[in-house]
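Student: Got a minute to walk me through this one? I'd like to start with what's packed inside.

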Amino acid sequence: MISSAKMRKATWQLQRLSPYRNIVQSVLSHLLATDAEFTSALIAQREVKHVALVAFGSDDGLCGAFNINIFKQILSYINNIRKSEGADIDITIVPVGKKLRKAASKITGGGVKVLNLDYMHTRSSQEDVQRFTEELKSRFLAGEFDKVDVAYMHFKSTSRQSFTIEQLLPVEYTKLMEAADSSSATVPCLFEPDALTIFNSVLPLHVRSMVQEVYTESAASEQAARVMAMQTASDNAKELLDALNLEYNKLRQQSITTELLDILGGQVER
């Protein structure tokens, strides 16, 4: 019941995030619909030598295979990126959640290291999420990371969550263009001071909203996994109780039958 309430709260927060994300996307769509050329350090592509994977897990247990599935996918991600980018690529895992942090510490070495940011966990405030986003962005701009991906469980419903990996930095300019083409940004707009300045102001908001949405989706998926795990545990306990009651009744009936046979056997002997 507690997990159900927390899950509803997380899904409500997702609904609240949607208008903000839509407005940011709308502004970007209007900007990209112009003929202007946009440049930003956040969309600059460079040779990938160091990748950071931000993996969202949980702080607490009792959520079934939630963290185990994420950890398995992280191992698969490491193998796949080394096949695509080269075996000598450096990979930094940035785990969010105590359970995932503990599991990630076991795979350090061989070009893989773990960056623990203790202020970021599953109960972090919006200020902490903003601070976390700014730290990832500053490390990317400083050249410490050439690419930043986020891995999380995408919330579809209480019974369905799917593992998802999205590229956070650099922001994929082609996807922004695709979103602009698919939107209805046909109304002519006047930009002040100019489109490039507005673009460089709105793009960080796009990155921040993406991290906030991923963080909230992971929280909702965690609680949904915990609801299902507790429901399964309750069903299994009920089945076990029913089986034990049946076995108890069988043994009790057998004991009564044995006593009756003993009584009847005694009467026959007399």
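**What's in the core**

Tutor: Sure. This is a predicted model. The largest nonpolar core has 38 residues, and V54, F56, M120, F132, L168, L169 and F199 touch the most other members.

Student: Which elements each supply at least two residues of this core?

Tutor: Those are α1, β1, β2, α4 (126–141), β4, β5 (160–169) and α6 (195–269). Of these, α6 gives the most, with 10 residues.

Student: And what does L168 touch?

Tutor: Leaving out residues up to four places away in sequence, L168 touches L136, V148, D149, V150, V207, M210 and V211.

Student: How many residues are in the second core?

Tutor: That one is separate and has 22 residues, including I89, L100, A104 and A151.

Student: OK, on to β1. Is strand β1 largely enclosed or open?

Tutor: Seven of the seven residues in β1 (residues 50–56) are buried, so the strand is largely enclosed by the rest of the structure.

Student: Which residues cover which side?

Tutor: In a regular strand, side chains alternate between the two faces of the sheet. Here H50, A52, V54 and F56 lie on one side of β1, with V51, L53 and A55 on the other, and all of them are buried.

Student: Which strands does β1 pair with?

Tutor: One is β2 (residues 90–96), parallel to β1 over seven bridges; there, F56 has V96 as its bridge partner. Another is β4 (residues 147–157), also parallel, over five bridges, where V54 is bridged to V150.

Student: What do β1, α2 and β2 make together?

Tutor: With helix α2 being residues 66–85, they form a right-handed β-α-β unit.

Student: Switching to α1. How many residues does it have, and how far does it reach?

Tutor: Helix α1 (residues 2–32) has 31 residues and reaches 45 Å from its first C-alpha to its last, close to the 45 Å expected at 1.5 Å a residue.

Student: Where does α1 bend?

Tutor: At L17, by about 25 degrees, and a proline, P19, follows within four residues.

Student: Which α1 residues are buried?

Tutor: S3, M7, A10, L14, V24, L28, S29, L31 and L32 are.

Student: Last one: where is T34?

Tutor: T34 sits in the loop between α1 and β1. Its relative accessible area is 29%, so T34 counts as partly exposed.

Student: How far is T34 from F145?

Tutor: They're 111 residues apart in sequence and 31 Å apart in space, C-alpha to C-alpha.

Note on methods:
Residues are numbered from 1 along each chain as its sequence is written. This is a predicted model: local features need pLDDT of at least 70, side-chain atom pairs count only at pLDDT 80 or more; totals for chains, interfaces and linings use all residues. Side-chain values use heavy atoms; hydrogens and water are left out. Buried means under 20% relative accessible area, exposed over 50%, partly exposed in between (1.4 Å probe, protein chains only). Two strands pair if DSSP finds at least two bridges between them. A crossover is right-handed if, with the strands pointing away from the viewer, the path from the first strand over the helix to the second runs clockwise. The expected span of a helix is 1.5 Å times one less than its number of residues. The bend at a residue is the angle between axes fitted to the seven residues ending there and the seven starting there. A nonpolar core is a set of buried Ala, Val, Leu, Ile, Met, Phe, Trp, Tyr and Cys residues joined through side-chain atoms within 4.5 Å. Contact means heavy atoms within 4.5 Å.
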